[in-house]
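Here is a walk through one protein model, with its enclosed spaces as the main stop. Keep the 3D view open while reading.

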Amino acid sequence: MGTGKRGLIATTMTVIGAVAVLAAPGTAFAAPSPPPSPTASPTAVTNRDIEAVRKQLDALYHDAAVATDAYNAAEEKAEQQSAQIVALAQKIVKGQEKLAKLKARAGAAAAAQYRSYGLSDEAQLMLSDDPQEFLDNTGRVLQGQRATKALIAELTRTQQDLKQYADDASAQWTKLEANRKAKATAKKRVQQQIAAAEKLESQLEEKEKERLAELEEQAAHQAQTAWLDSGILDEIDGKASAAGKLAVAFATTQMGKPYEWGAEGPDSYDCSGLTSQAWASAGKPIPRTSQEQWKQLKHIDVKDMRPGDLIIYFDDASHVAMYLGDGAIVHAPRPGRTVTIAGAGSMPILGVVRPDA
């Protein structure tokens with residue numbers, strides 16, 4: 001390794017502390033295969049250097065995942081607000097049409113009064129020479145008065161509604177613009193973190209990349225082994241619901257498709273894009289982001305989870321995967337990876353949620 005390379009690696013050791021690896025592909029999750037043996041060539045110093053790189057990459061991709069969740073949340077809110085603005089615009093159009101009709105009716109009433117020389121109905125009745133006609137027309141006058149009052153009240157309500165619709169549309173537009181800015185900020189953050197991670201990886205030599213992959217597998221294996229050694233699988237025996245089976249089938253058929261931040265299929269996914277689309281395909285729409293899935297869906301004890309349930313990872317709920325059974329998950333790990341199966345305990349578990357509780 002050249003002095004420039006050593007400088008790069010040494011720098012990474014001072015930047016970030018350890019965080020759990022996002023994921024590493026695996027096959028036998030109830031009884032994991034032994035971790036790969038270290039190659040003979042790297043020195044002890046090099047191993048520590050590569051481990052520092054692994055930790056920094058984990059931190060960069062974790063930060064990118066958090067920013068991705070913020071981007072997805074802003075996008076979802078922007079879509080909702082756009083739909084609300086469209087609905088309000090439609091109400092305004094209908095309200096304007098109604099107001100025009102009401103004004104036409106009021107104009108017709110005013111014209112009728114003009115044709116009767118401006119005399120009110122009461123005055124015309126008082127001047128009538130026919131007592132019977134007077135009595136017969138009294139009911140008509142009362143009806144006319146009530147109709148006029150109703151027309152005025154309806155005109156007032158319609159004008160008030162139009163003002164409220166306009167105010168609501170203005171408020172929604174302000175929120176929409178704020179979420180567009182939040183979305184742009186989150187997008188920039190995602191791109192920065194991913195670019196930094198890719199740059200760091202690109203500066204590694206081929207043997208260093210191989211060693212990095214080995215260390216990632218070891219970290220995932222160790223975490224999964226510790227989780228399994230707790231005896232957790234002895235307690236987990238839940239059976240998938242009918243909707244859960246459909247969600248699992250959808251998620252597993254996406255295996256091999258690339259991770260792409262902000263994507264929700266059909267050609268690529270981010271972590272919550274995969275889980276939200278899987279459950280939408282099962283007829284159960286759920287929140288778009290892992291953080292909202294954690295907030296809004298019913299929490300389940302880990303020992304009670306069943307295939308189709310969602311496991312939320314990290315203290316900030318920045319990653320989500322779908323439980324398959326036998327200690328395995330399917331998930332979209334991070335940029336540069338594809339939808340894959342991994343150990344459910346290979347990352348720190350925050351909790352479990354059930355979309356069809």
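A cavity here is a set of grid points where a 1.4 Å probe fits but cannot get out. Its volume is the space filled by probe spheres set on those points. Rolling a probe the size of a water molecule over the atoms shows where empty space is left. The model is predicted.

How many cavities of 30 Å³ or more does the structure hold? There are two. The largest has a volume of about 60 Å³. The second largest has a volume of about 40 Å³.

Take the largest cavity, and look at its walls. Its lining consists of 16 residues. Nearest the centre lie Tyr 61, Ala 65, Tyr 259, Pro 333 and Arg 334. Helix H2, residues 44-115, and H4 each supply at least two residues of this lining. H2 gives the most, with four residues. What is the chemical character of the lining of the largest cavity? It divides into 12 nonpolar residues, three polar and one charged.

Now move to the second largest cavity. Ala 65 and Tyr 259 are among its lining residues. Both also belong to the residues nearest the centre of the largest cavity. The rest of the second lining is Thr 68, Asp 69, Asn 72, Asp 270, Cys 271, Ser 272 and Ser 318. H2 and helix H8, residues 271-281, each contribute at least two residues here. Again H2 holds the largest share, four residues. The lining of this second largest cavity splits into three nonpolar residues, four polar and two charged.

H4 deserves a stop of its own. Helix H4 spans residues 131-202, and Gln 193 is found in it. Is Gln 193 buried or exposed? Its relative accessible area is 9%. The cut-off for buried is under 20%, so Gln 193 counts as buried. What does Gln 193 touch, leaving aside residues up to four places away in sequence? Its contacts are Leu 60, Asp 63 and Ala 64. These three residue numbers fall within 44-115, the range of H2.

Further along the chain comes H5. This helix covers residues 206-229, 24 residues in total. From its first C-alpha to its last, H5 reaches 34 Å. That is close to the 34 Å expected at 1.5 Å a residue. Just after H5, Gly 231 takes a positive phi of about 80°.

Conventions
Residues are numbered from 1 along each chain as its sequence is written. This is a predicted model: local features need pLDDT of at least 70, side-chain atom pairs count only at pLDDT 80 or more; totals for chains, interfaces and linings use all residues. Side-chain values use heavy atoms; hydrogens and water are left out. The expected span of a helix is 1.5 Å times one less than its number of residues. Buried means under 20% relative accessible area, exposed over 50%, partly exposed in between (1.4 Å probe, protein chains only). Contact means heavy atoms within 4.5 Å. On a 1 Å grid over the protein atoms alone, a cavity is a set of points where a 1.4 Å probe fits but cannot get out, and a pocket is an open set with protein on both sides within 12 Å along at least five of seven lines; lining residues have an atom within 4 Å of a point. Ala, Val, Leu, Ile, Met, Phe, Trp, Tyr, Cys and Pro count as nonpolar, Asp, Glu, Lys and Arg as charged, and the others, Gly among them, as polar.
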